[in-house]
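Work through the exercises below with the sequence and the model in view, and attempt each task before reading its solution.

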Amino acid sequence: MTGTAAPFPADDYRARMERAARSAAEAGLAGLLVAPGPDLVWLTGYAPTAATERLTLLVLAPGRDPVLVVPTLEAPDAGKAVGASALTLRDWTDGKDPYAATAALLDAGGRFGISDNAWAMHLLGLQKTLPGTSYASLTEALPMLRAVKDTAELELLAAAGAAADATFEEIRKVPFGGRRESEVAADLAGLLRRFGHSQVDFTIVASGPNGANPHHEVGDRVIERGDMVVLDFGGLKDGYGSDTSRTVHVGEPTDEERRVHDLVRAAQEAGFRAVRPGVPCQEVDRAARAVIAEAGYGEYFIHRTGHGIGVTTHEPPYMIEGEEQPLVPGMCFSVEPGVYLPGRFGVRIEDIVTVTEEGGRRLNDTIREMVIVD
């Protein structure tokens, strides 16, 4: 899902398609094949109302004009996309072979990057028509395709982050104790929409022992006084993502709970401070993880420190050991260390951060200290 596409001018889409084609050539690819989904929206502004068995595919190749292969019955809508003026539409009618139409645009012996979410039947259809071709997923071939955001994209991400912050400021005012996790999650979803989100992707409310599961599915557990509660929520506003986590406590916490919360806050600050141009992504993970490990809780930090965000809430780059991609100004990603004590409680603190020329800038600004709720 991609939500409502941001209203970029046609020249922006033209520049993105040209850059993508150049990146494909630099990666040794004959071109890119982009199916409906986040990449197609980012490149053209076109989001079909529903992805169907009828082939829709953007073909980008170095030195050639972009072509969007599209079913005839959907061509009018495709032609209304802002980026359509920067490409050629090639429509095909039911009863005709869409793979033959697409094959005419491709190097019969080339290797192509293809959208991760392309339907298998479409990829297999192309392979059958052009058996000399080979394919690589876009995430594998061009992981940084959408990673560096321009000024307009950064403004949209900042606005999404501000909306998520406003949501937290309101949710901390509602009663927690005696209510079900699902009720608080519904409050979060409603607040995200009130503050401008068109799409809510997740509203994690993990209370007490459920907080030890980083991706806890909201359930009917009644939140009790004395519970630590992990809140992780986000979605899309004007086509760009938000994602933030804060951990609150119902009533006064114990000394250990305060200590673990302070530890995670220190680790999150260390991860943020590691952000600067040229630093490998893994150094952000290492900086946050070292703080937790030195305090004796290393085995309880069980996920990567962060993920990229843009037209989807999870995308490259990833802040994880082994990722040597250098940080570049304009990259945006989460910094979200956590400690998860099985059967007891969990703590996670998360901000979206963008890389600047000097270091990093947070796109979430709500309080990171322990928040007490009723």
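Helices (H or I, at least four residues) and strands (E, at least two) are DSSP runs, numbered from the N terminus. The model is predicted, so that local features need pLDDT of at least 70 and side-chain atom pairs count only at pLDDT 80 or more, while totals for chains, interfaces and linings use all residues. Residues are numbered from 1 along each chain as its sequence is written, and side-chain values use heavy atoms, with hydrogens and water left out.

**Exercise 1.** Place Gly 109 and state whether it is buried or exposed.

Solution. Gly 109 belongs to the loop that lies between helix H4 (98-103) and E5. Its relative accessible area is 57%, and exposed means over 50%, buried under 20%, partly exposed in between (1.4 Å probe, protein chains only).

**Exercise 2.** Give the strand order of the open sheet and identify its edges.

Solution. The 6 strands run in the order E4-E3-E2-E1-E5-E6, with mixed pairing, where two strands pair if DSSP finds at least two bridges between them. Strand E4 (88-92) and strand E6 (134-137) each have a single partner strand, so one side of each lacks a neighbour in the sheet. Within the sheet, E1 (residues 31-34) and E5 (residues 111-114) pair in the parallel sense over 3 bridges, and Leu 33 has Ile 114 of E5 as its bridge partner.

**Exercise 3.** Compare the expected span of helix H9 with the distance between its end C-alpha atoms.

Solution. The expected span is 1.5 Å times one less than the number of residues. For the 19 residues of H9 (residues 255-273) this should be 27 Å, and the end C-alpha atoms are 27 Å apart, which agrees. Buried residues in H9 include Val 260, Leu 263, Val 264 and Ala 267.
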